[in-house]
Amino acid sequence: MNEHPSPSDQTPQSRLSLFRNWTSLAGLTIVVASVFSFLLLFLIDTLAHSANPYIGILTYLVAPMFLVTGLALTAIGLLLRQRRFIKDAGAAPRLQIDLHRPRDRRMMGFFLGGTVVFLLLAAMGSYQTYHFTESVTFCGQACHGVMTPEFVAYTNGPHARVTCAECHIGAGAGWYVRSKLSGAYQVYATMANKYPRPIPTPIKNLRPAQETCEQCHWPKKFVGNLDRLYSYYLNDETNTPFTVRLLMKVGGSDPTHGPVEGIHWHMNVGHKIQYVSAKLEKDGRWVADETRQKIPWVRSIDAQGVVTEFRMAKFTNDPSRYELRTMDCMDCHNRPAHVYHAPNTAVNLAIQLGQIDRSIPSIKSNALWVLTQTYKGETEALQKIATTLAAKYPGDARLPRVIEAVQLIYKKNFFPEMNVNWKVYPNNIGHMHWPGCFRCHDGLHKTADGKQSIKASDCNACHVIMAQGAGKDLEKMNATGFKFAHPGDELDPNPQCHECHSGGM
Ligand code: HEC
Ligand code: HEC
Ligand code: HEC
Ligand code: HEC
Ligand code: HEC
Ligand code: HEC
């Protein structure tokens, strides 16, 4: 290569001489290689049947990164080279284009064509990159491990066809930038291994339900009553079945679409339910409860502006000193996409579905027992589940299927690497394993004149116990609701079910 061409040298070759430096050449090589790999990867990604998170990362993040690096190197090389010319000869070689010359015309055509192709590729690439960073693959699988619990629970939940971004990232440029900024921090935290395990909730930057859930679910819809069947098996030798059939009074909240009644009454379009969450410390102070599990004060403001205030007698503070939250969908449906089932719930379901054979003596309590032990990691857990159960029923041919089912329950609901399991994230929809509805409906929240919201002991207020028991009992229906026949001990007035039903019994 001619290192020091004289500036007056105007042979056609010398016009390209600015490119003749190692930096630019290396840059150009990277550009060509990355465009080529992008095209190849793009083809694989489009034609492949199953989405592979790594192909996505390579195609839409790594290849474009190399392309940009290559272009930057080329430019840096050019600049340095030009400086060198100026330093050596006082001027850089002048660029002369004469369209009368066939060679210049060809070069020009080539240049323009190249630019158009490049811009097209860049547009397509950045559009794909944008979509890729919003995809379930990127959010759920790319950061291997961190999001595994949420991803697995999501895949097994009713929202498996709704993308992560539809709930977690808002539409519009503002949310895009915000989510990418926090996303960039998350990528850093993941690489530096600095993220909390488990990830704490409620998540701070989750948008209000009006912007997430209500894109798809219309709050004015009248749902009416839902018939729900809950099947349980007791922890005795015969794994005695016990079933409750509940008619959930979900109702609705908009008078133009049905009566304003039932559980969705809280969402009444005309009124608001507001509350304060605070917990009582040992020293007698009420401090804000980030988890929203303790609610000592709540008020409803109806369409006419009439305020009804309910508080626990113990809470004598001024509520305005605490953050006031207006109830929305997520105060009840806080785990619409990521449910980690309690072992009791999961084992009951597996028995109901026949995956665990009910005829095996005490299989309910034994399956529960192996699931509630502490293990170092998934590998150890799966192994010990198998060996412990096998040892309890030596030679039983029904066991391999049971072991498989129990291991599957473990894999779907326990994530020791992230310290995630059913005990970690409160689920507010009912009242069995977490306080849920009984955070307010516990018989302790009263107005100044002693009026109460629904009491916990009013078992037929939110749902009607239409039938309960087993076998023939379930054919006896009661439209106004039975008194609950609790299989355990007699229940307190206003019971707190979660105090005994921790999910592991
Ligand atoms: C239907 C809406 C919805 C979808 C879809 C959804 N999420 Fe969530 N996600 C939520 C809500 C609501 C919470 C808050 C839970 C709470 O406060 O208890 C949450 C919480 C989380 C958390 C915090 C930790 C936890 O388990 O609570 C992570 C991490 C998360 N989601 C990741 C994801 C990923 C990854 C996807 C896609 C694979 C996804 N989410 C899809 C609604 C959704
Ligand atoms: C992008 C649309 C979309 C968004 C956003 C969305 N959902 Fe859904 N939701 C669905 C679909 C689809 C279903 C499944 C309906 C079906 O197949 O019956 C569903 C089902 C549900 C169900 C019934 C679940 C069951 O077990 O049967 C509830 C409750 C629900 N969503 C609540 C929420 C809440 C709360 C949010 C906000 C955090 C939300 N959804 C956000 C689309 C969405
Ligand atoms: C006071 C608590 C509460 C609030 C607030 C609430 N829901 Fe519900 N919702 C329930 C309960 C309880 C059910 C009964 C379903 C069940 O047992 O899983 C239900 C049922 C549903 C269903 C399922 C209906 C079906 O056919 O399966 C959807 C969808 C739903 N709610 C969406 C919403 C949306 C959207 C909002 C916010 C506008 C909202 N809910 C607010 C408690 C609530
Ligand atoms: C933040 C506190 C709070 C939570 C949590 C809560 N509620 Fe309520 N609920 C209220 C208040 C306040 C009223 C109104 C009481 C009144 O005015 O008499 C009410 C009223 C009701 C009503 C009566 C509606 C009507 O037709 O008049 C039902 C049913 C109900 N709640 C069910 C539930 C269910 C089910 C849950 C759990 C999924 C739940 N609530 C969770 C505060 C709460
Ligand atoms: C404030 C409203 C409310 C009151 C009062 C109430 N429940 Fe419920 N209950 C619910 C809701 C909502 C669910 C549905 C939870 C879900 O969708 O998983 C539920 C679920 C249940 C279940 C099934 C739980 C499970 O997850 O296996 C049983 C059993 C039950 N209730 C019994 C009772 C009994 C007994 C009482 C009276 C001591 C009572 N409930 C009082 C709202 C209420
Ligand atoms: C004082 C502790 C205690 C309280 C409080 C309590 N239970 Fe129970 N519950 C038990 C015991 C003990 C059993 C029997 C467990 C067994 O043999 O499987 C049981 C069994 C059950 C079962 C059937 C077994 C199963 O798989 O879950 C249901 C359903 C049930 N309880 C619902 C409730 C509901 C709903 C509440 C709150 C309204 C409640 N319990 C409150 C102790 C309690």
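## Strand β3 and its partners

In this predicted model, strand β3 is joined to strand β8, which spans residues 324–326, by 3 bridges, and the two strands run antiparallel. Within this pairing, Y275 has R325 of β8 as its bridge partner.

Strand β3 also pairs with strand β6, made up of residues 297–301, again in the antiparallel sense, and here the pairing extends over 5 bridges. One position in this second pairing can be given by residue, since V276 stands opposite W297 in β6. Strand β3 itself covers residues 272–276 and is mostly covered, with 4 of its 5 residues buried.

## The surroundings of ligand 3

Ligand 3 is surrounded by 17 residues, and the closest of these are H264, H266, C329, C332 and H333. Sorted by class, the shell around ligand 3 consists of 10 nonpolar, 4 polar and 3 charged residues. Two elements, β1 (224–233) and α10 (329–332), each supply at least two residues of this shell.

## Polar contacts of ligand 3

Two of the closest residues, H264 and H333, can be described in further detail through their side chains. For H264, an N or O atom of the side chain lies 2.8 Å from a nitrogen atom of ligand 3, while for H333 the corresponding distance between a side-chain N or O atom and a nitrogen atom of ligand 3 is 2.7 Å. Both pairs count as polar contacts, because the cut-off for such a pair of N or O atoms is within 3.5 Å.

Key. Residues numbered from 1 in each chain as written. Chains lettered and ligands numbered in written order. Predicted model: local features only at pLDDT ≥ 70, side-chain atom pairs only at ≥ 80, totals over all residues. Heavy atoms only, no water. Near = heavy atom within 4 Å. Polar contact = N/O pair within 3.5 Å; in protein donor to acceptor, adjacent residues only side chain to side chain. Nonpolar A, V, L, I, M, F, W, Y, C, P; charged D, E, K, R; others polar. Buried < 20%, exposed > 50% of the residue type's maximum accessible area, 1.4 Å probe, protein only. Pairing = 2+ DSSP bridges.
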